[in-house]
Amino acid sequence: MKILTAHQTHALDQATLQAQGISSDALMERAATACTTWLLDQLQPAFTTPFHIFCGPGNNGGDGLAIARQLHAAGYTPQVWLLPATKHSPDFLLNRQRLPPQISCTELSARTMPALPPEAVALDALFGTGLSRPLVGLAADIVAHLNQSGATLLAVDVPSGLFADSSQPAGSPVVQARYTLSFELPKLAFLLPQNAGFVGDWTVLPIGLDADFIHKEAVDNHFVDAGFLRGRLPQRGKFSHKGTFGHALLLAGSYGKMGAAVLAARACLHSGIGLLTVRVPAVGYDILQISAPEAMVLPDPAREFVTELPELKPYAAVGMGPGLGQEASTAEVLRQLLQNASGRPLVLDADALNLLATHRELLELLPPNSLLTPHPKEFERLTGEPAPGDYHRLEQLRNFCTQYRCYCVLKGAYTALGTPDGPVYFNSTGNPGMASGGSGDVLTGVLLALRADKRLSPLDAALLGIFAHGRAGDLAAAETGQAGLTASDLIRYIGPALQELTGG
Ligand SMILES: NC(=O)C1=CN([C@@H]2O[C@H](COP(=O)(O)OP(=O)(O)OC[C@H]3O[C@@H](n4cnc5c(N)ncnc54)[C@H](OP(=O)(O)O)[C@@H]3O)[C@@H](O)[C@H]2O)[C@H](O)CC1
Ligand SMILES: [K+]
């Protein structure tokens, strides 16, 4: 799915009206119907549920008025609260007129803040994508009142006060919604950790906006759901053999951190690799042979760290990083790898990234299309400067990837993949149970296998791997619970997760 800016969303609105020959109030009616249907289906409210609908002066408020009318028609008794304003949108005024007289409709003032019982459902239709500045005065007071009320808060389109696609001054008032019901496509703001407390559980409701416009519009950000990737992993041909899927080399592990090497190796083996050779320090030889018998092991001459790069000729792709440690001799191995990769796809993680950050001249040697998988702290070390906020970090990601012509997986709740040409892809799978040791090592193994598969483009390999890794976490958590989820559980579900994406 594409992620549009607020500006592009308004253009999409207009394109839809033109293409479908409908009036703007008809489109508003669709949006309201989608919200009302969701409310009744998902919350299954009793007829006695006190619905309080807070409406601003624009079309977001218009949506709220239409929802109030629809709830009334369905047998509920919503109460409407209007934010005083000097100008209103035409469709707000039309829906104000259409409001049945039986619905209580009160203009808010500092003296008429409604009492909201805890069982109340409050709809926030104050401001949506038309927000042009931070909220102050009465609007800010209402937001504070809603946030401390204890009522179930449901934001229409965007939690009021939140800018859909740009940062806002720290501490500016924003509704803290339990649910956000947005239209057609997600907003960028929903995907950034700093906004999690405002957006709550968000859902995108289709309202039939013009598909042609969406298809043609160029965007900076994408949201990757199952529909986006289904069928992109080609089936394995009947006559394919282990050579077809590539022979990967993994450099991983050090004394005390062999588990990382085992997890990455096993994940790689479960992700379709044809052959896998693992370079580990000598101390890891038995460990790897026993815990990953499908892999070949090339022990390093040194006992505790990887100090020598094997001959690269046999390998289709190389992964380096999990559990390696940061010895000077290991940094030298990284330098040789970068210099001798000769077009082989590289997947760099963990200590390989830390070594890049401490030996910054190595960054200049990164071969194009390398795939890096930092968590936010490792990414900060790579860029060499902290990010004051999520939007800033996103721009750093874009700049880093265009500068070094690389792919970079910034791991988090909505893992973001930066690409050499600039667009960023946000992943939709995964859960907080995966925020535990070894989860990143598993991702490295999965990505290594997919980068070794010559049938896949670098972009598809990265997107499929990230998505399948998260999906494996979701499948595993259904069995183990989030707290009980371990990296080893993830590995068991990588196969089924990849199978869901296989087709063609
Ligand atoms: N395609 C869709 O997704 C559809 C969306 N719909 C809904 O429409 C809104 C967007 O409506 P819009 O009228 O453009 O914008 P808002 O309702 O968010 O608000 C605009 C008015 O609010 C004023 N404003 C803006 N910021 C502030 C502020 N900080 N304090 C006070 N007033 C503010 C603004 O005034 P300006 O001075 O900035 O001009 C406007 O008066 C979208 O979110 C959906 O809910 C459609 O219903 C269907 C299709
Ligand atoms: K809103």
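## A two-domain predicted model, by question

The C-alpha atoms at the two ends of residues 9-215 are 13 Å apart, and this span is 36% helix and 16% strand. Helices (H or I, at least four residues) and strands (E, at least two) are DSSP runs, numbered from the N terminus. This is a predicted model, where local features need pLDDT of at least 70, side-chain atom pairs count only at pLDDT 80 or more, and totals for chains, interfaces and linings use all residues. Residues are numbered from 1 along each chain as its sequence is written, while chains are lettered from A and ligands numbered from 1 in the order in which they are written.

User: Happy to start at the N-terminal part: which feature does UniProt list for residues 9-215?

Analyst: The entry is unreviewed. UniProt positions follow the numbering used here, feature names are shortened, and annotations may be inferred rather than shown by experiment. The name given is "domain: YjeF N-terminal".

User: Which residues touch the most other members of the largest nonpolar core?

Analyst: Such a core is a set of buried Ala, Val, Leu, Ile, Met, Phe, Trp, Tyr and Cys residues joined through C-beta atoms within 7 Å. The largest has 155 residues, and those touching the most other members are A248, L250, A265 and C268. Domain 1 (2-219) and domain 2 (246-503), with bounds from an automatic or database domain assignment, both contribute residues, so the core lies between them. One of the four, C268, has contacts (C-beta atoms, placed from the backbone, within 7 Å) that include two of the others, A248 and L250.

User: Good, now the UniProt "binding site": where is G440, and is G440 buried or exposed?

Analyst: UniProt's unreviewed entry places this feature at K411, G412, A413, Y414, T415 and G440. They span 30 residues in sequence, yet no two of their C-alpha atoms are more than 14.3 Å apart, so they gather at one spot. G440 is in helix α15 (residues 439-452). Buried means 20 or more other C-beta atoms, placed from the backbone, within 10 Å, exposed 12 or fewer, and partly exposed in between; with 25 such neighbours, G440 is buried.

User: Which residues does G412 touch, not counting residues up to four places away in sequence?

Analyst: G412 sits in the loop between β17 (407-410) and β18 (416-418). G412 has 19 other C-beta atoms within 10 Å, so this glycine is partly exposed. Its contacts beyond that sequence limit are P193 and P376.

User: Lastly, how many residues of helix α12 are buried?

Analyst: Helix α12 covers residues 350-358. Its buried residues are covered by elements including β14 (317-320), α11 (328-340) and α15. The helix is mostly covered, and of its nine residues the buried ones number seven.
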